[in-house]
Amino acid sequence: MEKSQILLAFGTLALLLASVLADDVVVLTEENFDKEVGQDRGALVEFYAPWCGHCKKLAPEFAKLGASFKKAKSVLIGKVDCDEHKSVCSKYGVQGYPTIQWFPKGSLEPKKYEGPRTSEALAEFVNTEGGTNVKIATLPSSVVVLNPDNFDQVVLDETKDVLVEFYAPWCGHCKILAPTYEKVATAFKMEEDIVIANLDADKHKDLAEKYGVTGYPTLKLFTKSNKAGEDYNGDRDLDDFVKLINKKCGTSRDGKGQLTSKAGILSSLDALVKDFVAASNDEKKAVLLKIEGEVEKLKGSTERHGKIYLKAAKSCLKKGADYPKKEIERLQRMLDKLKQMNLLSRRISYRHLYKSVDAAAAALADSPSFSHVSQGLILHPSAGI
């Protein structure tokens, strides 16, 4: 039970830190706004609402801006969720979304940005106001580009599930879909047997005709078991794509690419897991052999998850009864050290981080399910097992 707490806490900590590190746009709140803005650096702040269509369209451009200015110590790129932090947005006269304002160094008197909402135009504005000379970074794409030379090799690979967008460069709907499709690819880039790809169907008309493409964008999912392709006619929001892939391909990712609470849990091993938890040390060895036999039957990502079950089981046998206590102590030392370190180049409130880790551990306090142990290991493979 304690072991489940430890491993999920490790996983939660890893995911939270990864999330913070991956987002180069500083999240501003009622608590930290005055600590981050108006201090020793200029700040460009986007005031947005999560439901706002224009804000969603701006998001990838603002993310590029944040990534490009990541190392510029004299400039902060930040954002405020006005649904959640209404008092901050009201204080600075925000009446529509998105509103973008520049706060000079040492000042809380903003200047409203009225220019184009592209990363290049925003960067030019920040460079002018902040005295910097930063160029927009070109972010590598996670979408696999298809052509006649690689189409069959990628799409018809029976070890891969492949989502293909057939698009035309001049197509307006394709341009609108592009940033969302990139997010889909990013969300699943850690899945070895998932490929998110696209094909310029205007340039490669023969391939498009072969698969019955008559309009743009056309989306088809080529699963391992269906290489004829299945049309996708659902909504084109990130969450809808993620749900489709998780359902059809057996993955467990969210829109940010993080593992969900279902990740790594194999129902086919549940009965053996219960037997292992209930068994004496001698009996555990016999159950372990049965688990090994079942894992050998697994394929693809489930095989990887099954092997992690084995790692967890073997660790329980090897490290003895005092292992959970030692892991708790080791985790506490890590948290204490993190508290003293300036882990990131910007200020981070660790209080939120600690609460999330504690909450994750507490949520499993009454759960004897050994599959949570495996889940924790998948989330953080270096957790000491």
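A residue counts as buried when its relative accessible area is under 20%, as exposed when this value is over 50%, and as partly exposed in between. This criterion is applied below to a predicted model, beginning with the charged pairs and proceeding to the sheet.

The structure contains 13 salt bridges. One of them joins glutamate 36 to arginine 41, with a separation of 3.2 Å between the closest N and O atoms. Arginine 41 has a relative accessibility of 13% and therefore counts as buried. Glutamate 36, at a relative accessible area of 4%, is likewise buried.

A salt bridge is also formed by lysine 111 and glutamate 129, whose closest N and O atoms are 2.7 Å apart. This pair links distant parts of the chain, since lysine 111 belongs to strand E5 (residues 111–112) and glutamate 129 to helix H5 (residues 119–130), 18 residues apart. Lysine 111 has a relative accessibility of 41% and so counts as partly exposed; glutamate 129 falls in that class with a value of 29%.

Lysine 224 and aspartate 193 meet through their side chains in a further salt bridge, at 3.3 Å from N to O. Here, too, distant parts of the chain are linked: lysine 224 lies in the loop between E9 and E10, whereas aspartate 193 lies in the loop between H7 and E8, 31 residues apart. The two partners fall into separate accessibility classes, as lysine 224 is partly exposed with a relative accessible area of 28%, while aspartate 193, at 12%, counts as buried. Both residues take part in a network of salt bridges that also includes Asp161.

The loops that carry this pair adjoin strands of an open sheet. Five strands form this sheet, in the order E6-E8-E7-E9-E10, and their pairing is mixed. Strands E6 (144–146) and E10 (226–231) occupy the edges; each has a single partner strand, so one side of each lacks a neighbour in the sheet. On average, neighbouring strands are turned by 30° against each other, direction ignored. In general, the strands of a sheet pair through backbone hydrogen bonds, in either a parallel or an antiparallel arrangement.

Edge strand E6 runs parallel to strand E8 (residues 194–200), to which three bridges join it. Within this pairing, valine 144 stands opposite alanine 197 of E8.

Strand E7 (161–167) is mostly covered, with six of its seven residues buried. Seven bridges connect E7 with E8, and these two strands run parallel; leucine 163 faces isoleucine 196 of E8 across the pairing. The chain passes from E7 through H7 to E8 in a β-α-β crossover that is right-handed. With E9, by contrast, E7 pairs in the antiparallel sense, over five bridges. In that pairing phenylalanine 166 is placed opposite threonine 218 of E9.

The helix of the crossover, H7 (residues 172–187), lies across E7, E8 and strand E9 (218–223), and runs at about 165° to E7. Strand E7 thus combines several features: parallel pairing with E8, antiparallel pairing with E9, and contact with helix H7.

Key: Residues are numbered from 1 along each chain as its sequence is written. This is a predicted model: local features need pLDDT of at least 70, side-chain atom pairs count only at pLDDT 80 or more; totals for chains, interfaces and linings use all residues. Side-chain values use heavy atoms; hydrogens and water are left out. Two strands pair if DSSP finds at least two bridges between them. Helices (H or I, at least four residues) and strands (E, at least two) are DSSP runs, numbered from the N terminus. Axes are lines fitted to C-alpha atoms, for helices over the stretch in contact, and angles run from 0 to 180 degrees between N-to-C directions. Contact means heavy atoms within 4.5 Å. A salt bridge is a side-chain nitrogen of Lys or Arg within 4 Å of a carboxyl oxygen of Asp or Glu. Buried means under 20% relative accessible area, exposed over 50%, partly exposed in between (1.4 Å probe, protein chains only). A crossover is right-handed if, with the strands pointing away from the viewer, the path from the first strand over the helix to the second runs clockwise.
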